[in-house]
Amino acid sequence: MHWGHAVCRDLVNWQHLPIALFPDENGVIFSGSAVIDWENTASFGRAAMVAIFTHNQNGHQSQSLAYSLDAGRTWRKYSGNPVLPSADGQRDFRDPKVFWYEGQADGHWVMCLTAGDRILFFTSPDLIHWTPSGQLGPIVNAAIGVWETPDLFELYVDSGPETRWILTIGVQDGAPAGGSGTMYFIGRFDGGTFTSENSEETLMWMDYGADFYAPQSWNNEPHQRRIMLGWMSNWQYANDTPATTWRGMFSLPRELSLSRTATGIHLVQRPIPELQLLRGNHHHWQDEIISPGTNLFAGIQGSSFEINANIKVGQDADGFGFRVRAGKGEETSIVYSPREQKITLDRTHSGQGSFHPGFSSSHTADLAPVNGNLILHIFVDQFSVEIFANDGQVTLSDSIFPAEDSFGLALFSKGGLVQLNTLDFYQLLKKPS
């Protein structure tokens with residue numbers, strides 16, 4: 001229960017640095033966030049980097065501070081920790097997300113954290129003294145597991161000028177793919193509390209795969225983008241995954257935006273363009289007809305690659321899609337059903353899965369064509385598949401554990417012909433070119 005530390009300049013090429021935060025007399029270190037205190041409100045030093053994290057000791061949780069004056073290379077715990085103990089010593093009182101809110105008169109710090117089945121909000125002038133300012137929840141339809149790792153930020157709707165605030169929450173159980181997942185609310189924030197515009201019956205999910213949890217985003221990104229990444233695992237089996245030299249992995253960084261649709265305002269997630277730095281060998285196809293029993297990818301293999309496909313959706317075929325990381329007795333399938341207008345990420349036979357009864361499964365999301373076409377942007381890595389469908393309107397993310405030599409790849413149709421408008425395939429490099 002430490003804080004690791006890694007740095008990069010492009011969100012692609014990361015360098016590991018020494019461990020940042022270690023357990024101490026106040027307990028082990030749980031999740032949190034970090035800010036730059038540009039105006040020295042906490043008196044640690046101008047432009048200090050301040051980490052706000054949960055201490056957990058014997059099941060009792062509280063919020064504490066550490067600060068760095070050398071860009072995070074060394075850290076000093078605040079002598080007055082914890083700065084925000086729970087009022088009743090409750091077990092679930094954790095994961096503070098902190099940011100600076102610039103009000104009309106003056107600004108202040110905002111903290112949102114989880115407390116069982118609700119989100120609590122606090123404000124502070126100095127990161128040390130915190131005052132309760134509101135809460136969200138409990139919400140009947142969303143009471144499906146302990147809430148964790150909140151994030152709160154503002155985005156323009158369809159590039160502006162209208163904005164909304166988005167509150168994302170990790171839920172330990174009850175997500176569409178089973179187990180843990182990430183839901184989100186859209187609403188308004190007045191500097192003290194968040195008011196959801198979701199109806200009581202509406203639950204919105206960031207991802208329909210099994211492995212996109214506890215996501216966090218960056219504040220003050222240099223290009224004013226809202227970029228987020230998540231933990232690619234699930235509390236159902238996180239402690240049992242068959243990995244020996246590593247434990248857990250992150251999703252690809254995603255740029256977030258808001259779009260107004262016929263069913264309301266929704267989050268859109270797109271892979272950041274910096275990922276193009278990883279592109280290697282390239283294959284391009286255009287205006288091809290895919291028939292059952294043929295494979296456009298004959299002779300092409302890979303364990304890490306990117307697929308960008310635009311496919312005309314007709315009613316001739318029962319289904320079409322991709323088989324990836326295929327080998328002896330195993331494959332991961334991405335299948336679209338034109339009649340049901342659903343996309344499925346199937347890892348039933350993706351490789352190792354016996355470590356948990358819920359792992360070998362398939363995950364499905366509704367997905368209607370756009371102007372008669374289906375747009376699939378797919379990233380496959382050694383142990384992961386991430387799908388961004390219809391320009392990021394729907395995402396599915398799953399971890400997989402195939403054999404090292406399962407390199408097979410296929411584009412297929414079932415029960416009829418499929419028209420491929422365009423397809424680009426890139427091998428992905430281990431390091432940027």
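Here is a guided walk through this structure, from a sheet and a pocket to a small cavity and a few unusual backbone spots. The model is a predicted one, so please keep that in mind as you look around.

Let's begin with a sheet. Four strands form an open sheet in the order E17-E18-E19-E20, and their pairing is antiparallel. Strand E17 (213-217) and E20 are the edge strands, and each has a single partner strand, so one side of each is left without a neighbour in the sheet. From one strand to the next, the twist averages 40°. To see one pairing in detail, look at E17 and strand E18 (residues 227-231), which are joined in the antiparallel sense over three bridges. Across that pairing, Tyr 213 has Trp 231 of E18 standing opposite. As background, the strands of a sheet pair through backbone hydrogen bonds, either parallel or antiparallel.

Strands of this sheet also help to line a pocket. The second largest pocket has a volume of about 660 Å³. Which residues lie closest to its centre? Of the 25 residues that line the second largest pocket, these are Tyr 208, His 266, Asp 366, Gln 393 and Val 394. Several strands give two or more residues to this lining: strand E16 (204-205), strand E19 (254-261), strand E20 (264-271), strand E26 (362-366) and strand E29 (394-399). E20 provides the largest share, with four residues. By class, the lining of the second largest pocket holds 13 nonpolar residues, eleven polar ones and one charged residue.

Next, turn from an open pocket to an enclosed space. The count of cavities of 30 Å³ or more comes to one, and about 30 Å³ of space lies in this largest cavity. Its lining is made of Ile 290, Ile 311, Phe 320, Leu 411, Phe 412, Val 418 and Leu 420. Strand E30 (408-414) and strand E31 (418-428) are the elements that give two or more residues to this lining. What classes do the lining residues of the largest cavity belong to? Seven are nonpolar, with no polar and no charged residues.

Phe 412, one of the residues lining the cavity, leads us to another set of paired strands. Phe 412 lies in E30, opposite Gly 321. Strand E23 (residues 319-327) and E30 run antiparallel and are joined by six bridges. E23 is also joined by six bridges to strand E24 (residues 330-337), again in an antiparallel arrangement. In that pairing, Gly 327 faces Glu 330 of E24. The hairpin of E23 and E24 has two residues between the strands, and in it Gly 329 takes a positive phi near 75°.

Stay with E24 for a moment, since Thr 332 is found in this strand. Is Thr 332 buried or exposed? Thr 332 has a relative accessible area of 1%, so it is buried. Beyond its neighbours within four places in sequence, Thr 332 is in contact with residues including Phe 322, Val 324, Leu 345, Ser 350, Val 385 and Ile 400.

Ile 400 is also touched by Arg 347, a residue of strand E25 (residues 342-349). With 1% relative accessibility, Arg 347 counts as buried. Leaving out residues up to four places away in sequence, Arg 347 touches, among others, Ala 210, Asp 211, Tyr 237, Phe 359, His 363 and Asp 398. Arg 347 and Ser 362 are 15 residues apart along the chain, and their C-alpha atoms are separated by 5.7 Å.

Finally, let's visit some loops. As a general rule, most residues other than glycine have a negative phi, and most peptide bonds are trans. A cis peptide bond joins Gly 137 and Pro 138, with omega about 0°, and Pro 138 sits in the loop between strand E11 (131-136) and strand E12 (147-156). Another cis peptide bond links Gly 160 and Pro 161, with omega about 5°; Pro 161 belongs to the loop between E12 and strand E13 (163-171).

Two residues other than glycine have a positive phi to look at. Ser 43 has a phi near 65° and lies in the loop between strand E3 (28-37) and strand E4 (48-57). Its relative accessible area is 61%, so Ser 43 is exposed. Asn 371 has a phi near 55° and is placed in the loop between E26 and strand E27 (373-381). At 78% relative accessibility, Asn 371 counts as exposed too.

Conventions. Residues are numbered from 1 along each chain as its sequence is written. This is a predicted model: local features need pLDDT of at least 70, side-chain atom pairs count only at pLDDT 80 or more; totals for chains, interfaces and linings use all residues. Side-chain values use heavy atoms; hydrogens and water are left out. On a 1 Å grid over the protein atoms alone, a cavity is a set of points where a 1.4 Å probe fits but cannot get out, and a pocket is an open set with protein on both sides within 12 Å along at least five of seven lines; lining residues have an atom within 4 Å of a point. Grid points are joined across faces, edges and corners, and a volume is the space filled by probe spheres set on the points. Ala, Val, Leu, Ile, Met, Phe, Trp, Tyr, Cys and Pro count as nonpolar, Asp, Glu, Lys and Arg as charged, and the others, Gly among them, as polar. Two strands pair if DSSP finds at least two bridges between them. Axes are lines fitted to C-alpha atoms, for helices over the stretch in contact, and angles run from 0 to 180 degrees between N-to-C directions. Buried means under 20% relative accessible area, exposed over 50%, partly exposed in between (1.4 Å probe, protein chains only). Contact means heavy atoms within 4.5 Å.
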